[in-house]
Amino acid sequence: QLEALEQRKNIANEELAKVNAALAQADRAKQDTSRIAELEAKEKDLSQKIATIDRDLADCADYRAAESRLIEGAVNGLFTHVQFKLFNYNLNGSIEDTCEAMLNGVPYTDMSTGQQILAGVDVINALSEHFGISVPLWIDHAESLTLPLEAKGQMFELYAEKGVSELTIQVIEKAVAA
């Protein structure tokens, strides 16, 4: 009888363990369902925050683009011939700072010597006007110029001539417009 009772007890304990496991699984499933609902709500909240941040970033990019156009316009308004490219506008919408002098769309590094001289004189004129000073300009390779220079100060033009072995100085008085 004791053995039979012991077997019944073991069987009852096994069934009790199975019921307890099933109850634990049910509790775990309930907890998991609750956690899933909590995480889904958190995901929705984070999605809304991400959308707000993306909109703010787009607004910042628009502001940066407008600001860069205004800055470029203000700077370029100071010069007669030279235009400065101050920003690179990338295909992805980002803007990189740069500073490249251009003359009729030609970057300074690609300009001829005469164009570089003309651009330099334009920059010196703008700076002289901005700071209220007049500086003398030394123009080397003046023989490469095809356009007249519009310097607002005293100019020293240096020319190279074939066959001339001695330095000669020629003074040319030019009327300066007031």
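## A walk from helix H2 to the sheet and back

Let's start with Glu-129, which counts as exposed because its relative accessible area is 57%. The labels work like this: under 20% relative accessible area is buried, over 50% is exposed, and partly exposed lies in between, with a 1.4 Å probe and protein chains only. Keep in mind that this is a predicted model, so local features need pLDDT of at least 70 and side-chain atom pairs pLDDT 80 or more, while totals for chains, interfaces and linings use all residues. Residue numbers run from 1 along each chain as its sequence is written, and side-chain values use heavy atoms, with hydrogens and water left out.

What does Glu-129 pair with? Its side chain meets that of Lys-152 in a salt bridge, 2.9 Å from N to O. Glu-129 sits in helix H2 and Lys-152 in the loop between S4 and strand S5 (155-157), so this pair ties together parts that are 23 residues apart in sequence. Helices and strands here are DSSP runs, numbered from the N terminus: H or I for helices, with at least four residues, and E for strands, with at least two. Like its partner, Lys-152 is out in the open: it is exposed, at 52% relative accessible area.

Next door is His-130, also a helix H2 residue and also exposed, at 57% relative accessibility. For a sense of scale, take His-130 and Glu-6: they are 124 residues apart in sequence, and their C-alpha atoms are 107 Å apart in space. Around this end of H2 there is also a nonpolar surface patch made of Leu-127, Phe-131 and Ile-133, which together have about 310 Å² of accessible area. Such areas come from the Shrake-Rupley method with a 1.4 Å probe, and for residues, only the protein chains shown count as cover. To join a patch, a residue needs over 30% relative accessible area and no salt bridge; nonpolar side chains (Val, Leu, Ile, Met, Phe, Trp, Tyr) are joined within 5 Å and like charges within 9 Å. Ile-133 falls in the loop between helix H2 (113-131) and strand S4 (137-139), and is partly exposed at 48%.

Now for the sheet. It is an open one of three strands, ordered S1-S2-S3 with antiparallel pairing. Strand S1 (82-89) and strand S3 (106-107) are the edges; each has a single partner strand, so one side of each has no neighbour in the sheet. Two strands count as paired if DSSP finds at least two bridges between them. Between S1 and strand S2 (residues 95-103) there are seven bridges, and the two run antiparallel. Two places to look at along this pairing are Phe-84, opposite Ala-101 in S2, and Phe-87, opposite Asp-97 in S2. The S1-S2 hairpin has five residues between the strands, and there Gly-93 takes a positive phi near 95 degrees.

Which helices cross this sheet? Helix H1 (residues 2-76) lies across S1 and S2 at about 165 degrees to S1, whereas H2 lies across S1 and S2 at about 90 degrees to S1. The axes are lines fitted to C-alpha atoms, for helices over the stretch in contact, and the angles run from 0 to 180 degrees between N-to-C directions. One buried spot on H2 is Ala-119: the residue is in that helix and has 3% relative accessibility. Leaving aside residues up to four places away in sequence, Ala-119 touches Val-82, Tyr-108 and Met-111, where contact means heavy atoms within 4.5 Å.

Finally, back to the charges. How many salt bridges does a search of the whole structure find? There are five, each being a side-chain nitrogen of Lys or Arg within 4 Å of a carboxyl oxygen of Asp or Glu. One of them joins Asp-97 and Arg-64, at 2.7 Å from N to O. Asp-97 lies in strand S2 and Arg-64 in helix H1, so the pair ties together parts 33 residues apart in sequence. Asp-97 is exposed at 57%, while Arg-64 is partly exposed at 27%. Lys-49 and Asp-45 make another salt bridge, with the closest N and O atoms 3.6 Å apart. Both lie in helix H1, four residues apart, or about one turn of the helix. Lys-49 is partly exposed at 46%, and so is Asp-45, at 35%.
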